[in-house]
Structures are given as structure tokens and as C-alpha cells.
Amino acid sequence: MSEQIYDFHERVHRINRKRAKANRSMRSTFVDSDGYVIVRAKSRARGLPFLGLFLLTMGFFALKSVMIAQLGQEAYDLRIQEVVGAESLLTQTAAWALQADGLSLALVPYVTPYV
């Protein structure tokens, strides 16, 4: 008898897992008043696009590397120092973001042959 109860609970658990998986799927199904089964796409919750942010950040570092390779390290630093003294907070923030950093300087030897 206990084996039958165990099998029953296993079936219930398996059915609940399948229903939970179906609820997480991209489709929503329901039966309308005429008895037809209607399948509609479920709207996905929008999350933070990590891949897009990562690619944008890597593109920014690549752009800085190209500018450093084209101007040279000394000329690039001189131009950034000219901008640091600006009055605008936006300009100062941009100058801080465009300062040469380790990753940009590490990418310069790889970018130099193509500039």
C-alpha cells in the first residue's frame, strides 16, 4: 500500500514540475467560451541586457585604444588634461571616462597595425 502512495506522490510531483515548466514557457494557452484552445505568446519580463552592456563597454575601450594608437600616448594625455580643466560637469565627466586606463593601453599594440 505504501508503494502505491509513493508512486502516486511521484506522479503528482512529476505533473507539478511539468506544469511549472509550461508556465515558464513562452506561450500562454486557454480555452475560450466556444471551447477552442487559444495559444498566445506570453510577454517576457524585460531584464537588464548584460550582453549589450558588455559589448558597449568593450566598444568604448576599443575606441579609446584606437584614439591612443592614432594620437600617441603623450598627445592623448595632453588633450585629456586640457579638457579636465573645463567648467562643465559633463565635460569633466567625459574627460574622466576617456582617461587612459590599463585595458585601453593593453589593447593599443593590437590596434596599432590597423590604424
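**A walk around helix α2 and helix α5**

Let's start with charge pairs: the count comes to one salt bridge in this predicted model, taking a side-chain nitrogen of Lys or Arg within 4 Å of a carboxyl oxygen of Asp or Glu as the rule. The partners are Lys 64 and Asp 101, whose closest N and O atoms are 3.0 Å apart. Lys 64 belongs to helix α2, while Asp 101 sits in the loop between α4 (89–97) and α5, so the pair ties together parts of the chain that are 37 residues apart in sequence. The two ends differ in how they are covered: Lys 64 is buried because its relative accessibility is 1%, below the 20% cut-off, whereas Asp 101 counts as partly exposed at 23%.

Before going further, a word on confidence. The protein chain has an average pLDDT of 86, and 90% of its residues score at least 70. Among the elements of the chain, α2 has the highest mean pLDDT, 94, and strand β1 (residues 27–31) the lowest, 74. Where pLDDT is low, the predicted coordinates should not be read in detail.

Now follow helix α5, which spans residues 102–111 and holds Ser 104. Which residues of α5 are buried? They are Ser 104, Val 108 and Val 111. Viewed down the axis of α5, these buried residues fall within an arc of 80°, so they line one face of the helix. On the other side of α5, Gly 102, Pro 109 and Tyr 110 are exposed. What covers the buried residues of α5 includes α2, and two serines let us look at that contact from both sides.

Take Ser 104 to begin with. Why does Ser 104 count as buried? Its relative accessibility is 0%, and the cut-off for a buried residue is under 20%. Setting aside residues up to four places away in sequence, Ser 104 touches Phe 61, Lys 64, Ser 65 and Ile 68. One of these is Lys 64, the residue we met as the salt-bridge partner of Asp 101.

Another of the residues touched by Ser 104 is Ser 65, which lies in helix α2 (residues 50–71). Ser 65 is buried too, with a relative accessible area of 0%. Leaving out its neighbours within four places in sequence, Ser 65 is in contact with Leu 103, Ser 104, Leu 107, Val 108 and Val 111. Among those contacts are Ser 104, Val 108 and Val 111, the buried residues of α5.

Next to Ser 65 in sequence comes Val 66, also in helix α2. Buried or exposed? With a relative accessible area of 32%, Val 66 is partly exposed. Not counting residues up to four places away in sequence, Val 66 touches Val 111 and Val 115. Val 66 and Thr 112 are 46 residues apart in sequence, and their C-alpha atoms are 7.4 Å apart in space.

Helix α2 also contributes to the surface. Leu 51, Phe 54, Leu 55, Met 58 and Leu 103 form a nonpolar patch there, with about 480 Å² of accessible area together. The largest share of this patch, four residues, comes from α2. Phe 54 of helix α2 is one of the patch residues, and its 48% relative accessibility makes it partly exposed. Leu 103, another member of the patch, is also in contact with Ser 65.

Finally, step over to helix α1 (residues 2–24), where Ile 5 is located. Ile 5 counts as partly exposed, at 44% relative accessibility. How many Å separate the C-alpha atoms of Ile 5 and Ile 80? The separation is 75 Å, for two residues 75 places apart along the chain.

Conventions: Residues are numbered from 1 along each chain as its sequence is written. Side-chain values use heavy atoms; hydrogens and water are left out. Buried means under 20% relative accessible area, exposed over 50%, partly exposed in between (1.4 Å probe, protein chains only). Contact means heavy atoms within 4.5 Å. Patches are made of residues with over 30% relative accessible area and no salt bridge: like charges are joined within 9 Å, nonpolar side chains (Val, Leu, Ile, Met, Phe, Trp, Tyr) within 5 Å. Accessible areas come from the Shrake-Rupley method with a 1.4 Å probe; for residues, only the protein chains shown count as cover. pLDDT is the predictor's confidence in each residue, from 0 to 100. The arc is that of the directions from the helix axis to the C-beta atoms.
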